[in-house]
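Student: I'd like to learn how to read a fold from its coordinates. Can we walk through one together?

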Amino acid sequence: MVYQQSFDVSSRGRGTIEITTEVARIVRASGVSIGLANVFVQHTSCSVVVTENADPSVRRDLETLAARWAPDGDAAYHHDSEGDDDMAAHGRNILAGCSLSVPVAGGAMLLGTWQGIYLWEHRAIAHRRRVVVTVVG
């Protein structure tokens with residue numbers, strides 16, 4: 001059995017937005033008891049990640065790390081058609097990823113106690129992002 005549904009997320013610019021509840025709703029709606037949920041974002045300047053959901057300082061520190069990995073406005077970048085954060089956002093997407101898979105059992109995702117699923121916006125300004133969830137079982 002395969003079930004697929006998409007939803008949009010509006011970011012306010014760089015940072016994380018928890019999408020665990022929406023993904024869990026789609027997993028329940030799928031009717032799949034045992035399988036995998038794949039979460040994919042249809043963009044190249046944001047990511048989807050599983051990370052700490054209890055302490056927001058973890059996600060703030062991830063922003064600090066990302067700024068070190070792929071700084072805005074690096075003079076070595078050639079691609080800057082949408083601003084100083086353009087190439088950095090693409091680099092952060094490559095490092096963090098555009099998809100993830102979570103096991104499903106009993107019709108629910110098997111996330112750990114302190115895990116949540118987040119859309120991680122890498123652009124400095126607000127964007128509307130499309131997330132596709134595919135549940136296979």
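Tutor: Sure. Helices here are DSSP runs of H or I with at least four residues, numbered from the N terminus. Keep in mind that this is a predicted model.

Student: Then which residue follows α1, and what is the sign of its phi?

Tutor: α1 is followed by G31, and the phi of G31 is positive, near 75°. The helix itself covers residues 20–30.

Student: How do I read the sides of that helix? Which residues of α1 are buried?

Tutor: Buried means under 20% relative accessible area, and exposed means over 50%. In α1 the buried set is T20, V23, A24, I26, V27 and S30. Looking down the axis of α1, you find its buried residues within an arc of 160°, so they line one face of the helix. T21 and R28, on the other side of α1, are exposed.

Student: Let me zoom in on one of them. Why does T20 count as buried?

Tutor: Because its relative accessibility is 13%. Leaving out residues up to four places away in sequence, T20 touches M109, L111, G116 and I117.

Student: Now the strands. What holds a sheet together in general?

Tutor: Strands of a sheet pair through backbone hydrogen bonds, and the pairing is either parallel or antiparallel. In this model, three strands make an open sheet, ordered β2-β7-β4, with antiparallel pairing. β2 (15–18) and β4 (46–52) are the edge strands, each pairing on one side only. On average, neighbouring strands of this sheet are turned by 35° against each other, direction ignored.

Student: How many bridges link β4 and β7?

Tutor: Seven, in the antiparallel sense, with β7 spanning residues 115–121. As one example, T51 has G116 in β7 as its bridge partner. You'll remember G116 from the contacts of T20.

Student: Which helix packs on the sheet?

Tutor: That's α2, residues 56–69, which touches β2, β4 and β7. The direction of α2 makes about 45° with that of β7.

Student: Last topic: cysteines. How many disulfides does the structure hold?

Tutor: Zero. A disulfide needs two cysteine sulfur atoms within 2.5 Å. For C46, the closest cysteine sulfur is in C98, 9.0 Å away, which is too far for a bond.

Student: And are C46 and C98 buried, exposed or partly exposed?

Tutor: C46 counts as buried because its relative accessibility is 0%. C98 is partly exposed, with a relative accessible area of 27%.

Methods. Residues are numbered from 1 along each chain as its sequence is written. This is a predicted model: local features need pLDDT of at least 70, side-chain atom pairs count only at pLDDT 80 or more; totals for chains, interfaces and linings use all residues. Side-chain values use heavy atoms; hydrogens and water are left out. Buried means under 20% relative accessible area, exposed over 50%, partly exposed in between (1.4 Å probe, protein chains only). Two strands pair if DSSP finds at least two bridges between them. Helices (H or I, at least four residues) and strands (E, at least two) are DSSP runs, numbered from the N terminus. Axes are lines fitted to C-alpha atoms, for helices over the stretch in contact, and angles run from 0 to 180 degrees between N-to-C directions. Contact means heavy atoms within 4.5 Å. The arc is that of the directions from the helix axis to the C-beta atoms.
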